[in-house]
Amino acid sequence: MSEILERLKKEILLLDGSMGALLQERNLPSGYAPDLWNIERPEAIIEVHQEYISAGSQIILTNTFGASRLRLAEYSAQDKIREINAAAVQHVRTAARGKKVYVAGDVGPSGTTIAPFGELPFDQAIEIFYEQCIELVRAGCDLIAIETMFDLQEMKAAVIAAKEATKGKDIPIMAHMTFTQDGITDTGSDAETAATVLEGLGVDILGVNCSTGPEHMLPVVKTMAQTTRLFISAEPNAGLPVQLNGKTVFPASSEEMASYAERFLEAGVNILGGCCGTTPDYIRKIKNILKDKKPAARNVRKGMKISSRMRTVFVGPGHPFLKIGEKINPTGKKLFSQAIKEGRTDLIVAAARKQFEAGAHALDINVGVPLVDEAEMMKNAVTAIQNVVNIPLVIDSSYVSALEQGMIYYPGKALVNSVNAEEERIEEIFPLVKKYGAAVIALVAGDDIPETAAQRIKNAEYLIKRAEDFKIPKENIIFDCLALTVSAVQEAAAQTLETIRLVSRDLGSPTTLGLSNVSFGLPNRHLVHNTFLAQCISAGLDAAILDPYDLEMHQVASAASLFARRDPECRRYIQVQADLEGNKAAPKDEGPQTTRDKIYKAVLEGERESIVQLVKTGIDEKLDAFDMFLNVMTPAIRKLGDLFGERKKFIPHLVASADTMKRGVEFLQPYLEKSGNVEKKGTIIFATVKGDIHDIGKNICCLMLRNFGFNVVDLGRNVHADLILKAAEEHKADIIALSALMTTTMMQMKVIAEEVRAKKLPCKIMIGGAVTTKKFAEEIGVDAYGKDVGEVVTVAENLLERQKNVV
C-alpha cells in the first residue's frame with residue numbers, strides 16, 4: 001500500500017484550492033487554457049503551488065485539468081501532451097522545495113461525450129485518458145486524480161485508463177464526481193450509485209468536487225461514506241458564482257467555508273480541499289481546524305451491490321429479496337428470436353418495461369440467437385433498455401465478447417451471468433469482471449454438476465480463492481446454488497437447500513438460482529417452484545432469476561421474507577398485498593394502442609430503433625405527416641423536457657429522445673415538404689464561448705431546436721466572439737445562443753452582448769450553462785436565460801414571439 005493510503009488510515013490530508021482564480025489574478029487571459037502556462041508562464045504556476053503549500057496543502061493537483069488530446073487540440077497544442085504534463089509535475093516538485101508534498105496528476109473530462117449517448121467510442125476515450133495518465137506517471141506523480149466527472153460512463157473510461165497507466169506501480173487513483181444541489185449528477189446518478197460504481201472499478205479514493213458549495217456537498221459525502229469503506233475526498237466550491245463589477249465572484253468567505261471542516265470530518269471525509277473560488281487562506285484555516293484530527297468511524301451498509309446508472313440495489317442477509325426478471329431471453333420465443341435476428345430492440349424494450357412495472361428489481365439480458373452477432377445485439381439491447389428502466393441489469397451470455405460489450409456500454413455496476421469453476425471460464429470471465437467493475441454470478445459447478453452440497457461448497461471456495469488472485473473481493477460474488485428439475489432428481493432439491501445454507505453460513509456470501517428450472521416437466525409449475533421458493537428463502541436465498549409476472553410469486557416471496565428477517569415491521573409484505581389488491585403488481589394492460597400512441601411513447605422513451613417503422617406505418621395508415629410531427633412527436637419531446645426539469649429524466653434520456661425524434665422527422669421530411677407544412681421558425685447561431693470546450697449541453701440543445709423547426713448553425717466549442725458575430729451577420733440570425741460551463745469563460749458572454757449592441761445587430765441573445773444564472777443574464781444585458789436543455793425550445797420560441805410583437 002502506498003504511503004498516502006497508509007497515512008489516510010490515521011490522519012486527514014489537505015488538498016489545495018482553486019488554480020484558475022489565482023492565475024486570473026496573474027493576468028491569465030479570459031478563455032485561455034491554463035494548462036499552456038505550464039510551458040509559457042511556469043513561474044506563475046510555481047507561485048500558486050507555493051502559496052498552497054505554505055498554507056498547509058499536503059496534496060497538490062498539477063495544472064493539467066485540460067491537458068489531454070481533445071482539449072489541447074482546441075489550442076492546436078495536442079502535440080504537447082508530454083511536455084505540458086511533465087512540466088506540470090515538475091512545477092509541484094519545484095514549489096515544494098523539499099517539503100513532503102504529494103503530487104496529484106490532475107485529469108479532467110475529455111471534452112466530449114462518450115458512447116452510447118455521445119460521439120466518442122469508449123475504446124478511444126480510454127486511449128485519450130491513457131495518453132495523459134501515462135505522461136503523468138512517467139513524470140513521477142504520486143497519485144492520479146480524476147476530477148469533475150458528471151457521467152459514470154466517462155469516469156469508467158478514465159479509471160480504466162489510469163489503472164492501465166499505473167499497472168505495477170504503487171500509485172493510487174482518486175476519482176471525483178460532480179453533483180448538482182439536489183445530490184444527483186446531470187446524467188442521473190446519485191451519490192450511492194457513484195460510490196458503488198467507483199468502488200467496483202477499483203479506485204483507492206473516491207469523492208466529489210465542484211458544482212456546489214459545502215452545504216450541498218455534505219449530504220453527498222455522508223451518503224458515500226455509508227456506501228463504501230474506501231477513503232473519501234471532498235472539494236467544495238466557495239458557494240455559487242455571482243457577478244460583481246464585471247467579474248465572477250464566489251460569495252463564500254474563507255471563514256464560512258472553513259466552518260464546514262469539522263462537519264465534513266464527521267461525515268466521513270479523509271481528504272479535504274477546495275475547488276472554484278477557494279484560496280490559500282481557506283486551506284490555512286481548515287489546517288488549523290483539522291490539526292491532529294483522526295478520521296471518523298463510519299457505519300457502512302453491508303452486502304453485495306449492483307447498480308444501474310441511476311439506482312443501487314443491495315443483495316444479502318437483511319436486504320429485500322432480489323427478483324431478477326427472466327423474460328428477456330429468446331429461448332422458445334419465435335417472435336422474440338425473429339426480432340433479434342432483424343436487429344430490432346422493440347420487443348426487448350417492451351419486455352424490460354413490462355417486467356419493471358410487474359415488480360422486477362433487476363433484469364437478466366440474454367440475446368443469444370444462432371447466427372446473430374450476439375456482441376453487437378447485446379450492446380444495442382443494453383443501450384436501449386437504459387432509456388426505459390432504471391433498475392440494474394444482469395448481462396447473460398456464454399460468449400465472452402457479448403459479455404464484454406454489455407459491460408462496456410453499461411454505465412452502472414453490472415451483474416455478469418456467469419462463471420463456474422472450470423479454469424478456462426475463470427480465465428475468461430474474471431479479468432473482465434475486474435476491468436469493468438462488475439459483480440458476477442458464480443455457479444457452484446465445474447466440468448459437471450456436483451450431486452452433493454459438500455462438493456458444491458468446494459467449488460464455491462475454489463472460486464473465491466481464484467477471484468482473490470484477480471483482486472476481485474468476495475463481496476462481488478453471488479453463488480448460483482443450482483436448482484435442478486425436481487421431477488427428474490428429487491434429492492437434488494434437498495442438496496440445493498443445503499448448499500444455500502452452507503454458502504450463507506460458512507462463506508458469508510449471497511446466493512441465487514434460476515427458479516423456474518425446478519418445476520420443468522410438471523403440471524401447475526407455478527405451484528411447484530413457488531413452494532420451493534419459500535423453502536429457499538427460509539434457507540437463506542437472497543435472489544432468484546424468475547417470472548415477475550407471476551402474482552403468486554410476489555405473495556410467496558413477501559410472506560417468506562417475513563420469517564427470514566428481510567422485512568422489518570412487515571412493511572414490504574403489507575405493501576405487496578396492497579399492490580396486489582389494486583392489481584399494481586400485474587403487468588399493465590394498456591389496451592389497444594394506436595400508431596399515434598406508439599409514436600408518442602417511442603419519442604418519450606427514446607426508442608430509436610422503432611421510430612422509423614412506426615412513422616412509416618402511420619403514413620401507410622394515411623395519417624397526416626404534419627399532424628404526426630406537430631401533435632404527436634412534438635408533445636412527446638416537450639413532455640420529456642418537463643420531466644428533465646423535474647429531475648425525473650436526465651441527459652442520456654434527452655439525447656436518446658431527441659435522436660429518436662430526429663430520425664422520425666427525417667423520414668417524414670419529404671412528406672412535410674410535399675404538403676407545404678414545413679415550419680421554419682428562425683435561425684439560431686449556437687456556440688460554446690471562447691476558452692470553453694464543454695459542449696454536451698449545446699449539442700443536445702441544437703438537436704432539440706432542429707426538431708422543432710429552427711435552422712441551427714452550430715459553430716462548435718471554444719468559439720471566438722468575432723466568429724460568432726460574423727456568423728450572425730452572414731446567416732441573418734434571429735437569435736445568438738451561447739453556452740459556458742466554466743467560471744473563467746462566462747464573461748465572454750458579456751463581451752459578445754456588448755459587441756452585438758455596438759454593431760446594432762437585430763438578433764436576440766440567449767445564454768445557458770451550468771455556471772450561468774438568470775441574475776447573470778440580467779447583469780450582462782442579454783435577452784433570455786435557459787436553466788437547462790429542457791427549457792431551450794420554449795425560451796427560443798418566446799424570444800421569437802417577442803421579436804415579432806416588436807416588429
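**View 1. The open eight-strand sheet of the predicted model.** Eight strands pair in parallel in an open sheet with the order 19-18-17-16-15-14-13-20. Strand 19 (511-512) and strand 20 (543-546) stand at the edges with a single partner strand each, so one side of each has no neighbour in the sheet. Strands (E, at least two residues) and helices (H or I, at least four residues) are DSSP runs, numbered from the N terminus; two strands pair if DSSP finds at least two bridges between them. This is a predicted model, in which local features need pLDDT of at least 70 and side-chain atom pairs count only at pLDDT 80 or more, whereas totals for chains, interfaces and linings use all residues. Residues are numbered from 1 along each chain as its sequence is written, and side-chain values use heavy atoms, without hydrogens and water.

**View 2. Pairing of strands 16 and 17.** Strand 16 (residues 415-419) runs parallel to strand 17 (residues 439-443), joined by four bridges. Opposite N417 stands I441 of strand 17.

**View 3. Strand 23 and its surroundings.** All five residues of strand 23 (residues 735-739) are buried (under 20% relative accessible area, 1.4 Å probe, protein chains only), so the strand is largely enclosed by the rest of the structure. I735, A737 and S739 point one way, and I736 and L738 the other.

**View 4. Partners of strand 23.** Five bridges join strand 23 in parallel to strand 21 (residues 682-688), and five also pair strand 23 in the parallel sense with strand 24 (residues 764-768). A737 is the bridge partner of F686, and M766 in strand 24 is the bridge partner of A737.

How values were computed:
Buried < 20%, exposed > 50% of the residue type's maximum accessible area, 1.4 Å probe, protein only.
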